[in-house]
Amino acid sequence: MSRGIFLVFEGIDASGKSTHARRVAQLHDALFTFEPGDTPLGVDLRRWLLDASTPMKPETESLMMLADRSHHVATVIEPTLRSGRDVVSDRFFASSLAYQGYGRGVDLADLEAATDLAIGTCLPDLTVLIDIDLDTANERRARDEKDRFESADLDFHARVRQGYLDLARRYGDNWFVVDGSKSEEEVAAVIDERLSSLAWSNA
Ligand code: TMP
């Protein structure tokens, strides 16, 4: 049995990535999963990670994200890929580089070394970055309760967005950047066109 394909969606909050990740997973009968928090251990880690009332050093935040990822890879992503089923994940290691690295200022080389430890050889076949500007993100974002990341200042989100664009340039062919400011239907059409050439297990 051949290994499934591993697709990741990335983007700043309110980019629409979760909507498209779920849609694509359903379309191709792939497993939809997300970070942080899609394992029993991850549920607890996510609660602490998003809780704005518990201050945390950026390094602590990074290590908790990586703990979630390590467990997610070991118990969900890797076994599913090995079983021959495709996996679509809403966020993966690039979120740590963008948010904790570019956003919080944690050393990128340290984060990359820790990422190797957390994920081993389990790398995405393709990362889809849905890029939107901050004004569009702010208009879309709910104005009520804000978690640790939503309550961070505008500069933080600007650094995260720029970080993602830098990463896309660095990773080149393994990344596909989509303009997320267009309508949901237009964004879906661009994504689906790019994904049609992948070797899905269930086309
Ligand atoms: P979500 O809104 O996509 O569920 O993600 C929750 C928050 O966690 C989001 O604001 C981005 C943040 N995050 C990081 O800061 N680093 C990471 O490695 C991951 C996976 C998420």
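## Close-up views of a predicted model

**View 1. T115 and the residues it touches.** Leaving aside residues up to four places away in sequence, T115 touches L66, F93 and G120. Keep in mind that what you see here is a predicted model. T115 is part of helix 5. Is T115 buried or exposed? Its relative accessibility is 4%, under the 20% cut-off, so T115 counts as buried. One of its partners, F93, is itself among the buried residues of helix 4, and that helix is up next.

**View 2. Helix 4, tucked in among its neighbours.** How many of the 11 residues of helix 4 (residues 93-103) are buried? The count is 10, so the rest of the structure largely encloses this helix. If you want to find them one by one, look for F93, A94, S95, S96, L97, A98, Y99, Q100, G101 and G103. And what do these buried residues pack against? Two strands take part, strand 1 (6-10) and strand 5 (175-179), along with helix 3 (58-82), helix 5 (108-119) and helix 7 (154-171). Just past the helix comes G105, with a positive phi near 90 degrees.

**View 3. The ligand and the shell around it.** The ligand has 14 residues around it, and the closest are D13, R69, R91, S96 and Q100. You have already met S96 and Q100 as buried residues of helix 4. Which element gives the most to this shell? Helix 4 does, with 4 residues. The space that the ligand takes up is the largest pocket. Elements that give two or more residues to the shell are helix 2 (40-50), helix 3 and helix 4.

**View 4. Polar contacts of the ligand, atom by atom.** Start with S96: an N or O atom in its side chain is 2.7 Å from an oxygen atom of the ligand. Now find K17, where an N or O atom in the side chain is 3.1 Å from a ligand oxygen. For Q100, the ligand's partner atom is a nitrogen, and it is 2.8 Å from an N or O atom in the Q100 side chain. How much of the ligand does the protein bury? On its own the ligand exposes 480 Å², and the protein buries 91% of that.

**View 5. Backbone oddities in three loops.** Here's a handy rule for reading this view: most residues other than glycine have a negative phi, and most peptide bonds are trans. Now look at the bond from E35 to P36, which is cis, with omega near -5 degrees. P36 is in the loop between strand 2 (31-34) and helix 2. Next is A14, which isn't a glycine and yet has a positive phi of about 75 degrees. You'll find A14 in the loop that joins strand 1 to helix 1 (17-27). A14 has a relative accessible area of 28%, so it is partly exposed. D29 isn't a glycine either, and its phi is positive too, at about 50 degrees. This residue is in the loop between helix 1 and strand 2. With 43% relative accessibility, D29 counts as partly exposed.

**View 6. H20, a buried residue of helix 1.** H20 is located in helix 1. Its relative accessibility is 3%, so H20 counts as buried. Which residues does H20 touch, not counting residues up to four places away in sequence? They are F9, I130, E184, V187, A188 and I191. Among these, E184, V187, A188 and I191 have numbers that fall within helix 8 (184-195).

**View 7. G84, where parts of the chain meet.** G84 belongs to the loop between helix 3 and strand 3 (87-90). Its relative accessibility is 13%, so G84 counts as buried. Not counting residues up to four places away in sequence, G84 touches M1, S2, R3, G4 and S201. How far is G84 from D29, the residue with the positive phi in View 5? Their C-alpha atoms are separated by 12 Å, and the two residues are 55 residues apart along the chain.

**View 8. A199, out in the open.** A199 is in the segment after helix 8. Its relative accessibility is 62%, over the 50% cut-off, so A199 counts as exposed. Now compare it with D147, which is 52 residues away along the chain. The C-alpha atoms of A199 and D147 are separated by 37 Å.

Methods
Residues numbered from 1 in each chain as written. Predicted model: local features only at pLDDT ≥ 70, side-chain atom pairs only at ≥ 80, totals over all residues. Heavy atoms only, no water. Buried < 20%, exposed > 50% of the residue type's maximum accessible area, 1.4 Å probe, protein only. Contact = heavy atoms within 4.5 Å. Near = heavy atom within 4 Å. Polar contact = N/O pair within 3.5 Å; in protein donor to acceptor, adjacent residues only side chain to side chain. Areas by Shrake-Rupley, 256 points an atom, 1.4 Å probe, with all protein chains shown as cover. 1 Å grid on protein atoms, 1.4 Å probe; cavity = no way out; pocket = protein on both sides within 12 Å on 5 of 7 lines; lining within 4 Å. Sits in = over half its atoms within 2 Å of the grid points.
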